[in-house]
Amino acid sequence: MKPLKAARLAAIGLLVFAILGYSLVSVAAAAILTQPIRQTLKGDPRSSLDLAFESVTFPARVDAVSISAWHIPAREASRAIILVHGMGGCRTCEFQGKVLEFAKTMNTRGFAVLMIDLRGHGTSGPGRFTFGQLERRDVLGAVDFLLGRGFKPGRIGVLGISMGAASSIGAAAEEPAIGALVEDSGYSDLNPLLQVEFPRSSGLPAAFLPGTLAAARLITGADISQAVPVREIVRIAPRPVMVIHARGDALVPFSQAGELARAAGIEAWITPADGHARSYASTPAEYASRVGDFFERSLK
């Protein structure tokens, strides 16, 4: 009996050790997975493009995280566009560093432009990646800011890129004051991407993904596995939506853009660009023209 009891105790000890080890590795992986690396802003509207602008801060909706932004006014503008960057970016980082150029084009067409830093990015307050689950609050805070500046519900458009697209879909699904949405390079469902990217980026077996997601929920307060924008985009109708994606996107397959477009009842614009979120860099004039025309039609 004594050898058998010792074997049982040893087995229990190994099981406890394995569970503890799995938990510790999962927590460490979650801490890394959800930690943004802040990028430094490069230039500003005045120094780069001779555009008048205002540096502003406002609280995110619900949890009041301080969000930093640039407000670029337009003379007698009654319509505004919020630009929302992607994961690990900043308000000047998208479009391969040419987002200010795009903002000027929209401003020249008569739109006020609000360029924001999501939580944990740029010069905004602290926050961790939740892949759109909490970042939507930052977009909603931007909407509240514009409403406070006199812009009417339905006259506010949002252009979100990658994780910013997922955040913007969630915000538009919740807030009817957003009159139109452009989503560029967003995912329809984060989970298949995590199945591929998690082992590659972490170096851990896929078996650690469930534990990492559970730990991430404890760390961030958000369930990352529920980052499924295709379930939310259907709630935006009848407001207009535009879906843009690069055919050569190796990070988020363009098939996910098709899923979003079908859910929204539209056709996606699949550009010939290579790489993630490279459509503007590939065809800047056409991109700006299509997006500008879309917002002019949609925000009347």
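In this predicted model, strand 3 sends its side chains in two directions: Ala80, Ile82 and Val84 point one way, Ile81 and Leu83 point the other way, and all of them are buried. That fits the usual pattern, as side chains in a regular strand alternate between the two faces of the sheet. Put as a tally, five of the five residues of strand 3 are buried, so the strand is mostly covered.

Strand 3 also has partners to pair with. Strand 4 (residues 112–116) pairs with strand 3 in the parallel sense, over five bridges. Strand 5 (residues 156–161) runs parallel to strand 3 as well, and five bridges join the two. Val84 takes part in both pairings: Ile116 stands opposite Val84 in strand 4, while the bridge partner of Val84 in strand 5 is Gly160.

Past strand 3 (80–84), the chain enters a loop that leads to helix 3 (94–97), and Thr92 is found in that loop. Despite the loop setting, Thr92 has just 5% relative accessibility; with the cut-off for buried at under 20%, Thr92 therefore counts as buried. Its side chain reaches the backbone nitrogen of Lys42 at 3.1 Å. Lys42 also turns up among the contacts that Thr92 makes beyond its neighbours within four places in sequence, along with Thr40, Leu41 and Gly43. The rest of that set is Trp70, Gly97, Val99 and Leu100.

Turning to the helices, helix 7 (residues 190–202) packs on helix 8 (residues 209–220) at an angle of about 100°, and the two axes lie 11 Å apart. Since 65 to 115 degrees counts as roughly perpendicular, that is how helix 7 sits relative to helix 8. On the helix 7 side, Leu194, Gln195 and Phe198 make the contact; helix 8 brings Leu209, Thr212 and Leu213. By type, four of the contact residues are nonpolar and two are polar, with no charged residue in the set.

Helix 7 comes up again around helix 9 (residues 254–264). The buried residues in helix 9 are Gln256, Ala257, Gly258, Leu260 and Ala261. What covers them includes helix 7 and helix 6 (163–174), together with strand 6 (178–184), strand 7 (241–248) and strand 8 (269–274). Gly265 follows helix 9, and its phi is positive, near 75°.

Note on methods
Residues are numbered from 1 along each chain as its sequence is written. This is a predicted model: local features need pLDDT of at least 70, side-chain atom pairs count only at pLDDT 80 or more; totals for chains, interfaces and linings use all residues. Side-chain values use heavy atoms; hydrogens and water are left out. Axes are lines fitted to C-alpha atoms, for helices over the stretch in contact, and angles run from 0 to 180 degrees between N-to-C directions. Helices (H or I, at least four residues) and strands (E, at least two) are DSSP runs, numbered from the N terminus. Angles under 35 degrees count as roughly parallel, over 145 as roughly antiparallel, 65 to 115 as roughly perpendicular and the rest as oblique. Contact means heavy atoms within 4.5 Å. Ala, Val, Leu, Ile, Met, Phe, Trp, Tyr, Cys and Pro count as nonpolar, Asp, Glu, Lys and Arg as charged, and the others, Gly among them, as polar. Buried means under 20% relative accessible area, exposed over 50%, partly exposed in between (1.4 Å probe, protein chains only). A polar contact is a pair of N or O atoms within 3.5 Å; within protein, one must be able to donate a hydrogen and the other to accept it, and residues adjacent in sequence count only if both atoms are side-chain atoms. Two strands pair if DSSP finds at least two bridges between them.
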